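Please open the model in a viewer and keep the selection tool at hand. The tour below proceeds from one selection to the next.

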Amino acid sequence: MKDNRSIVVRHVSKTFTLRYHRTIKEMSVAMMRQQELADSFLAVDDVSFNVQQGESIGLMGLNGSGKSTLLKMINGIMRPDSGKVLTRGRTAGLIATGAGFHPQLTGRDNVYLNAAILGMSEAETRRKFDAIVEFADIGRFLDSPVGHYSSGMFARLGFAVAIHVDADIFLADEVLAVGDRPFKRKCLAKMQEIRESGTTLFYVSHAAGSVRRMCDRVLVLEKGRLMFDGDVNEGIKFLHYDDDEENALDTEDEMDEEMGADI
Amino acid sequence: MATETPAPLRTVQAPLTPPWSQQGLLEVFRHRYILGLLVRREIAARYQGSVLGLVWSYINPLTQFFIYYFVMGILFGRANRVQDFAIHVFAGLIIVHFFIETMNAGTRSIVRNKSLVQKMAVPREMFPVASMLVSLFHVFPQVIILVIATTIAGWKPDPMGMVIGVIGLLISMTLGTALALMFSAANVFLRDVSNAVNVLTNFVRFGVPMMYPYTLVAIRFHGHTDLYLLNPIVEAVLAFQRAFWVGATSNPARAAALDMPPHLFWLCIRALLISLAVLAIAQSTFSRLERRIPERLL
């Protein structure tokens, strides 16, 4: 059978060093007091999983459980200390909102730069430019420096660029935390579209409702370790995120409220 | 065997690869489009909000040329001993200024672009290389001013001088990129590096035959200039003087024999090879440090 794995994560660990003292003065004082000079902690601890092309994964876990670190390693921003990360094809997505915009540049220039970094050629960007601007819906602010944008506009533009890349893997981390309700709805619809096109989706969220809607598999991280890998509902139950969910979140309004918990 | 998984909607032909870039500087040349955007962005940002804009990149070297002409040439009377001394200084200054700019801006390049470095997977060699290209961009207005000055002084360009001049520029580009690479990564871990680089630039200014002729060094050290000439930037400066200043003097052959070291061409080739070796070392240092850059950028 043909290998159709999209993401391979094998025994991946990542340690962060916490530095307490940075100057010589601080360091010598600490040494005299026999304090630790540095401490390390394991952000991601021996995590392994495979993702098939076209799967839609919800990555869940409490704050500080290593979700973003794992995502950064899949995106190639960080490298694991040990273990292997392999991806197939073009990866796009948002690691936190407003990824890598330069505040002095105009929205237009930032779109080109951001698209280039996400792997789009100049011609491709030009072709999709109108669609991107329309999706971001920032109007006449397009030609003013993004430093003047509101945080919502900033995030919208970033998301608009990322979502228009023809990626094979799409990573989304807390993208829905910023942006008003209509925009969130638009994003979810667009992500659904991406998912249906066969793109591998990797979605980080605290919102059980949107994970249930978007994903067909859930990974739960707890203190850097992969504690659960499987069915969406069981994953949410595993996290006890379903405790206050007696009344089903079916209507749109309740969905939105649920998404508000993203923040 | 029963296949329980439905046929995938999309099959990606690309192989499974690590998501980060692995080829260092080569990767930068594969991403020329991004590099171009970064360079343009940097140039645009530098003159943002200024009325004169790019004109400043002419005004600055022009005023420097006049300052050196008056202070060195007329006030210190160097002009009597070295012909066209202002051109001698200015030719050297272009190289020194380019090199220092590359080193300074390059050292800060990764820290300054941390929003990009932390959120997107770009080959990080891109940033110091972009700094070098931005500095290089500012070399051209200076060369234009230099050419105007030398032409007024009665410049007779010669092919060998041009070849050596180009090698001189290549030396400073290579060595500048190498140091920018090394210091940019080191600066992420210790911000002391950018201060140390500032100190280093002082040595560069006075460690090259810019404000004094090479002959002076040869005379003072009784011809033992081997160590002095080991510094590739010395050759780069001499190369630029050979290209522009020698031809402007009244007797180029005499100026070349008197104020240039013998076998300058081969010295320049050696300096270029030294710079390339430093670049290789810088790249391997960078690759080693790079792994921990995103987490240390706060």
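**The paired strands between the chains**

Select Thr87(A) first: this residue stands opposite Thr17(B) in E1(B). Strands here, like helices, are DSSP runs numbered from the N terminus, with at least two residues for a strand (E) and at least four for a helix (H or I). Extend the selection to E4(A) and to strand E1 (residues 16–17) of chain B, which run antiparallel and are joined by two bridges; strands pair if DSSP finds at least two bridges between them.

This is a predicted model, in which local features need pLDDT of at least 70 and side-chain atom pairs count only at pLDDT 80 or more, while totals for chains, interfaces and linings use all residues. Residues are numbered from 1 along each chain as its sequence is written, and chains are lettered from A and ligands numbered from 1 in the order in which they are written.

**The interface**

Next, display the contact between the chains, to which chain A gives 37 residues and chain B 28 residues. Two residues are in contact if their C-beta atoms, placed from the backbone, lie within 7 Å. On the side of chain A that touches chain B, two or more residues come from each of strand E1 (5–19), helix H2 (67–75), strand E4 (82–88), strand E5 (91–95) and helix H3 (107–117) of chain A. H3(A) supplies the largest share, five residues. Coloured by class, this side of chain A shows 16 nonpolar, 15 polar and six charged residues. Ala, Val, Leu, Ile, Met, Phe, Trp, Tyr, Cys and Pro count as nonpolar, Asp, Glu, Lys and Arg as charged, and the others, Gly among them, as polar.

**Two positive phi values in chain A**

Select His11(A) in strand E1 of chain A; its phi is near 45°, a positive value in a residue other than glycine. His11(A) is exposed, with 12 other C-beta atoms within 10 Å. Then move to Asp46(A) in strand E2 (residues 38–52) of chain A, where phi is near 50°, again positive. Asp46(A) is partly exposed, with 14 other C-beta atoms within 10 Å. A residue is buried if 20 or more other C-beta atoms, placed from the backbone, lie within 10 Å of its own, exposed if 12 or fewer, and partly exposed in between.

**Chain B**

Finally, isolate chain B, which has 16 helices and one strand. Its C-alpha trace spans about 95 × 45 × 40 Å along its principal axes, and buried residues make up 44% of its 298 residues.
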